[in-house]
Amino acid sequence: MNFVAMDFETANHRSSSACSLALALIQNNQIVDTFYTLINPQESFNARNIAIHHIRPQDVQQAPTFDQIWPHIQKIFNLNNVVAAHNAPFDTRVLRATLAKYELQADPYLSIDTVRTSRKFYPQLPNHKLDTVAQALNIQLQHHHHALADTIACAEILLITQQQVGEGPLKKMTKVIT
């Protein structure tokens, strides 16, 4: 199974306000490539979001819009890759809303949520936030809420979980996103 870990940050409370994206391609049980970009959301920023991820409007002024990025990453989203995210419903919502905003289409793809997998396979943890799970599994997460750092942590959580429980139990936790 090939995995792609994904993380979005948003400029405000709207799912269509993606302001950064990171992807990590996982093949043969290792991260083989990463991608990170700021995104000009063409929307206003909320102070609460800025406080979380530290991306400001001036940081994205010269950044590409999502419709400029999509042609370069679209091929990743297919039924041959499992797209992993920590709190996948959020990232899936952001992807769908941002695609809709630009009237773009995505093929169906497989998804897995590492919040769900960590709840199932590490029920003893006090919570299943990304930083908590990363710490429990001895994964470095130095820049929490930076999309690339979060994506790499998600990928490593997935790899460690797969190593500990096997591919079969993880496959059962994937779902098709249409």
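Me: How many residues does helix α7 have, and how far does α7 reach from its first C-alpha to its last?

Reply: Keep in mind that this is a predicted model. Helix α7 covers residues 147-165, which makes 19 residues, and spans 26 Å from end to end of its C-alpha trace. At 1.5 Å a residue you'd expect 27 Å, and the value here is close to that.

Me: What phi does Gly 166 take, just after α7?

Reply: A positive one: Gly 166 sits at about 95°.

Me: Let's go to the sheet. How do strands hold on to each other in general?

Reply: Strands of a sheet pair through backbone hydrogen bonds, and they can run parallel or antiparallel. In this structure, 6 strands make an open sheet, and reading across you get β3-β2-β1-β4-β5-β6. The pairing is mixed.

Me: Which strands stand at the edges, and why is one side of each left without a neighbour?

Reply: Those are β3 and β6 (175-177). Each has a single partner strand, so one side of each has no neighbour in the sheet. As you step from one strand to the next, the twist averages 30°.

Me: In which sense do β1 and β2 pair, parallel or antiparallel?

Reply: Antiparallel, over 8 bridges. To find the pairing by eye, look for Thr 10, which stands opposite Ala 18 in β2. While you're there, notice α3: this helix packs on the sheet and touches β1, β2 and β3. The direction of α3 makes about 160° with that of β3.

Me: And how many bridges join β2 to β3?

Reply: There are 8 bridges, and β2 and β3 run antiparallel. Gln 27 stands opposite Gln 30 in β3. The two strands form a hairpin with 2 residues between them, and Asn 28 in that turn has a positive phi of about 50°.

Me: Where do side chains point along a strand?

Reply: In a regular strand, they alternate between the two faces of the sheet.

Me: Now the pockets. What volume does the largest pocket have, and which residues are closest to its centre?

Reply: Its volume is about 620 Å³. The lining counts 26 residues, and those closest to the centre are Glu 9, His 86, Asn 87, Phe 90 and His 145. Two or more lining residues come from each of β1 (2-10), α1 (47-53), α4 (88-101) and α5 (114-121). By class, the lining divides into 5 nonpolar, 12 polar and 9 charged residues.

Me: How much space lies in the second largest pocket?

Reply: About 180 Å³. Its lining includes Val 4, Leu 23, Phe 35, His 72 and Asn 81. At least two lining residues each come from β2 (18-27), β3 (30-38) and α3 (66-73). Here the split is 7 nonpolar, 3 polar and 2 charged.

Me: How many cavities of 30 Å³ or more does the structure hold?

Reply: Just 1. A cavity differs from a pocket in that a 1.4 Å probe fits inside but cannot get out. The largest cavity holds about 30 Å³ of space. Among the residues lining that cavity are Ser 16, Ala 18, Pro 41, Phe 66 and Tyr 102. Sorted by class, the cavity lining has 5 nonpolar, 3 polar and 1 charged residues.

Key: Residues numbered from 1 in each chain as written. Predicted model: local features only at pLDDT ≥ 70, side-chain atom pairs only at ≥ 80, totals over all residues. Heavy atoms only, no water. Helix = DSSP H or I, 4+ residues; strand = E, 2+ residues; numbered from the N terminus. Expected span 1.5 Å × (residues − 1). 1 Å grid on protein atoms, 1.4 Å probe; cavity = no way out; pocket = protein on both sides within 12 Å on 5 of 7 lines; lining within 4 Å. Points joined across faces, edges and corners; volume = space filled by probe spheres on them. Nonpolar A, V, L, I, M, F, W, Y, C, P; charged D, E, K, R; others polar. Pairing = 2+ DSSP bridges. Axes fitted to C-alpha atoms, helices over the stretch in contact; angles between N-to-C directions. Contact = heavy atoms within 4.5 Å.
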